[in-house]
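Student: I should like to work through this structure by question and answer. May we begin with the charged side chains and then turn to the helices and the surface?

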Amino acid sequence: MKRIIFLLILVLTAQSLYANTVERILTEFSSVRTALSINPDILASAQDFECAVQRAREAKSLYFPKINLNLNLSKSNNLESVLISGDSFGNLTYLPSGKKDLYFVIRPSIWLNIYTGGRLKTTNKRAQIEVNRVKKEEEVIKSKVINNVKIIFNDCLYYKTLLELYSLKIENAKQGKIHLARNEVESLIRKKTKVKFNYDRKVLSLLNAIGLDTNTIVDISGELSPKMKDFNLDKCLLLAYQFKPEIKATQEQEILDGLELSLEAIKKYPNVSVGASYGMMSDNIMDGKLIGDKNDWCLLFTVNIPIPIIDSDGLFAKIKQKKAILRKSTIKRAKLENEIKLGVRQSLLEYNFWRTQAIDAKLFEKNGQYNETDIKIMRNLNKSYYNLELAVGVELDSY
C-alpha cells in the first residue's frame with residue numbers, strides 16, 4: 001500500500017511539473033491552424049490583398065461625380081485681379097484687385113467624366129483582376145506555409161518516435177529483458193543523444209514556421225503512421241490544373257498585361273467631361289457680410305481629342321512595350337504549366353516509390369511495432385505525400 005501511494009504521489013508530481021513546463025501541446029492540425037493565423041508571410045500577403053481591394057474601390061469611384069467644397073480666406077493687396085489655380089476644377093480661387101482684408105470665398109463644384117473611350121471600364125476591370133491575382137498569390141503562400149509546417153511536423157514525429165524506440169531498448173537492456181552487449185548499449189545512447197539534438201532543432205524550425213516565439217516550450221503530440229493512398233497521374237494532373245493557385249495567378253497576370261496594352265491604345269480616343277462650380281465671395285468680412293456680396297457661376301464642357309502629329313510622348317513605343325510584356329507573360333504561363341506537369345510527375349514517382357517500400361515492409365501488419373527502417377520509410381513516405389499535395393495544390397486526404 002505504501003508503494004502504491006508513493007507511485008501515485010510520484011505520478012501527480014510529474015504531471016504537475018509537466019504542466020508547469022510545457023506551454024503548448026502541438027498537433028499537426030493545431031500547428032497548421034496557428035500558422036494560418038500568425039505566420040508573418042501569410043499576414044503580409046493578407047495586407048497585399050487588402051491593398052488590392054482598396055485599389056479596386058478607388059477605381060470604382062472614378063464612375064461617380066467629384067464634388068468639392070473649397071473654402072478660402074485670404075488677405076491680399078493686388079494691382080490686378082488674380083486667378084489662383086488648384087489641382088482640380090473645383091479649387092480655382094479668384095482674388096480681385098486692390099487691398100482686401102480677409103477676403104472670403106466659398107466655391108462648391110462638381111465634375112463628371114461622360115465618355116473616356118473605355119478608360120474607366122478598363123481601369124476597373126484591371127483593378128478587379130488584380131484583386132483575383134493577389135488572392136491567388138496569397139493562396140500560393142498559404143499552401144507553401146502549410147506544406148512546410150506539415151513536413152517539419154512529420155520530421156518532429158520521426159525523431160520523437162526514434163527517441164521512444166531507443167529509450168525503450170536501453171531500458172529493456174538495463175532490466176535484462178533483451179540481451180545487448182555493452183558497446184551496443186553505448187551505441188544506442190549515442191544515437192539517442194544525436195536524435196534528441198535533431199528533435200530539438202526540428203522543434204525550433206516548427207516554431208519558426210508557425211510564427212511562434214522560439215522560446216516557447218512545446219510538446220509534440222501525434223503518432224507517426226504511414227499515409228497510404230493510390231493515385232494515378234491523370235487524376236493528379238487534373239487536380240493540379242483545377243486547384244493549383246500558381247496557374248490561376250499567371251493567367252490573371254496575362255490578362256492584366258493585355259489590359260495594360262488596351263489602356264495605352266485607348267489613349268488615342270477622345271475624352272468628354274463636364275463640370276460646374278458656383279462661387280460666393282465677400283470683399284471684406286469686416287463689413288459683417290460673410291457671403292453674398294458677389295457670386296459667379298462657371299459651367300465647363302470639354303472634349304479632348306488627342307491627335308499625335310509627332311509622337312513626342314512615345315505613345316507608339318509604349319504600346320510596343322506592352323505588347324512585348326504580354327508576349328512574355330504568355331511564355332511564362334506556358335513555362336509554368338510545363339514545370340507543374342514535371343513537378344506532379346516527379347512527386348508522384350517519389351510517392352509511389354516509398355509506397356512500394358512501405359508495402360514490401362508490411363507496415364500495416366506490424367500494429368505499431370516498428371523498427372528503425374520502418375520508421376525511416378514512414379518519414380519519407382509521408383514527406384513525399386505532402387510534396388505531392390503541394391504539387392497538385394490541394395489536400396489529398398479528401399481525395
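Student: Is Lys136 buried, partly exposed or exposed?

Tutor: The model is a predicted one, and the values discussed here are computed from it. Lys136 has a relative accessible area of 22%. Buried requires a value under 20% and exposed a value over 50%, so Lys136 is partly exposed.

Student: With which residue does Lys136 form a salt bridge?

Tutor: The partner lies in helix α4, as does Lys136, three residues apart from it, about one turn of the helix. This partner is partly exposed, with a relative accessible area of 29%. The closest N and O atoms of the pair are 3.8 Å apart, and a salt bridge is counted within 4 Å. The residue is Glu139.

Student: How many residues apart are Glu372 and Lys191, and where does each lie?

Tutor: Glu372 and Lys191 form a salt bridge, with the closest N and O atoms 3.8 Å apart. Glu372 is in helix α9 and Lys191 in helix α5 (residues 182-210), so the pair links distant parts of the chain. Both partners are partly exposed, Glu372 at 26% and Lys191 at 35% relative accessibility. Along the chain, Glu372 and Lys191 are 181 residues apart.

Student: Which residues are joined into one network by salt bridges that share partners?

Tutor: Such a network arises where salt bridges have partners in common. The residues joined in this way are Arg55, Glu130, Arg133 and Glu137.

Student: Within the salt bridge of Glu130 with Arg55, which partner is buried?

Tutor: The closest N and O atoms of Glu130 and Arg55 are 3.9 Å apart. Glu130 belongs to helix α4 and Arg55 to helix α3 (residues 40-60), with their positions 75 residues apart, and the pair links distant parts of the chain. Arg55 counts as partly exposed at 41% relative accessibility. The other partner has a relative accessible area of 17%, which is under the 20% limit, so the buried residue is Glu130.

Student: How many salt bridges does a search of the whole structure find?

Tutor: The pairs already discussed include Glu139 with Lys136 and Glu372 with Lys191. For the whole structure, the search gives a total of 19.

Student: Is helix α4 roughly parallel or roughly antiparallel to helix α9?

Tutor: Helix α4 (residues 119-175) and helix α9 (residues 372-392) pack with their axes 10 Å apart, at an angle of about 175°. Angles over 145 degrees count as roughly antiparallel. Therefore α4 is, with respect to α9, roughly antiparallel.

Student: How many nonpolar, polar and charged residues does the contact of α4 with α9 have?

Tutor: The contact of α4 with α9 can be divided by residue class. The composition is nine nonpolar, six polar and nine charged residues.

Student: How far apart in space are Lys192 and Ser167, C-alpha to C-alpha?

Tutor: Lys192 is found in helix α5 and counts as partly exposed at 32% relative accessibility. In sequence, Lys192 and Ser167 are 25 residues apart. In space, their C-alpha atoms are separated by 7.4 Å.

Student: Is Leu207 buried or exposed, and what distance separates its C-alpha atom from that of Leu26?

Tutor: Leu207 is also found in helix α5. Its relative accessible area is 1%, which is under 20%, so Leu207 is buried. Leu207 and Leu26 are 181 residues apart along the chain, and their C-alpha atoms are separated by 9.8 Å.

Student: What distance separates the C-alpha atoms of Asn132 and Phe49?

Tutor: Asn132 is found in helix α4 and counts as partly exposed at 31% relative accessibility. Asn132 and Phe49 are 83 residues apart along the chain. The separation of their C-alpha atoms is 8.8 Å.

Student: Which residue of the nonpolar surface patch lies in the loop between α7 and β7?

Tutor: The patch covers about 310 Å² and is made by Ile114, Tyr115 and Tyr269. The residue in question has a relative accessible area of 39%, and is thus partly exposed. The loop runs between α7 (245-265) and β7 (271-282), and the residue there is Tyr269.

Student: What is the phi value of Lys362?

Tutor: Lys362 lies in the loop between α8 (315-360) and α9, and is partly exposed, with a relative accessible area of 48%. Its phi is positive, in a residue other than glycine, and is near 55°.

Notes. Residues numbered from 1 in each chain as written. Predicted model: local features only at pLDDT ≥ 70, side-chain atom pairs only at ≥ 80, totals over all residues. Heavy atoms only, no water. Axes fitted to C-alpha atoms, helices over the stretch in contact; angles between N-to-C directions. Helix = DSSP H or I, 4+ residues; strand = E, 2+ residues; numbered from the N terminus. Parallel < 35°, antiparallel > 145°, perpendicular 65-115°, else oblique. Nonpolar A, V, L, I, M, F, W, Y, C, P; charged D, E, K, R; others polar. Patch = residues over 30% accessible without salt bridge, like charges linked within 9 Å, V, L, I, M, F, W, Y side chains within 5 Å. Areas by Shrake-Rupley, 256 points an atom, 1.4 Å probe, with all protein chains shown as cover. Salt bridge = Lys/Arg side-chain N within 4 Å of Asp/Glu carboxyl O. Buried < 20%, exposed > 50% of the residue type's maximum accessible area, 1.4 Å probe, protein only.
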